[in-house]
Every structure is written in structure tokens, then in C-alpha cells.
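Here are some short exercises for you to try, each with a worked solution. Have the sequence and the model open beside you.

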Amino acid sequence: MNTLLLLQAIATTNNTVFPIGGLGDGSLVCILKETDKIVVLPHDVYVTSVDDLEIIAESFKELVFGLAEQGIELDNQIK
């Protein structure tokens, strides 16, 4: 099943998943509205519920700070 169609199906049935970005492989990064957790909806993987999604951050704030820390660390390694 197409990832976008699956996301639309999950979002319309219980209104809990909201896309906030994408990954280079076609996967979608989403926020779970009820818990504020950040999850990945994998490309070309059959997912039947939000419980099947991979949690990558406990909150949007954690995701943003984690990405910033990675950028700072990479910059320090380059110098």
C-alpha cells in the first residue's frame, strides 16, 4: 500500500497522525497528536495502526534539539 494513502487512512480514521516532514527514502516523519511523540511511517511497509510506527523522539522539542546537537557535533568534527 502506498505510504501516503496509508497515512491518509490512519489520519482520517482516528485523527491522531500528522505529517511534519519526510526522509530521503520516501518515509514520512509524523507527530502523534495525542502523545506528541515523533514517529516514522516507513515507505513501502505495511502498517495497520499507530502502534506499528517507530518512535524516534518523545516530543517535537526533543527531535529539534537532537538534530541541533548532531549539527553542532558534526561542525566540531569538521573544524
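**Exercise 1.** Which residue in strand 3 stands opposite Ile31?

*Solution.* A note before we start: this is a predicted model, where local features need pLDDT of at least 70, side-chain atom pairs count only at pLDDT 80 or more, and totals for chains, interfaces and linings use all residues. Residues are numbered from 1 along each chain as its sequence is written, and side-chain values use heavy atoms, leaving out hydrogens and water.

Step 1: strands are DSSP runs of E with at least two residues, numbered from the N terminus. Step 2: across from Ile31 you find Ile38. Step 3: strand 2 and strand 3 run antiparallel and are joined by 4 bridges; two strands pair if DSSP finds at least two bridges between them.

**Exercise 2.** Find the order of the strands in the open sheet.

*Solution.* Step 1: the 4 strands follow the order 1-2-3-4, with antiparallel pairing. Step 2: strand 1 (17-22) and strand 4 (54-57) are the edge strands, each pairing on one side only.

**Exercise 3.** Which strand gives the most residues to the largest nonpolar core?

*Solution.* Step 1: a nonpolar core is a set of buried (under 20% relative accessible area, 1.4 Å probe, protein chains only) Ala, Val, Leu, Ile, Met, Phe, Trp, Tyr and Cys residues joined through side-chain atoms within 4.5 Å. Step 2: the largest one has 8 residues, among them Val17, Leu28 and Leu53. Step 3: strand 2 gives the most, with 3 residues.

Key
Buried means under 20% relative accessible area, exposed over 50%, partly exposed in between (1.4 Å probe, protein chains only).
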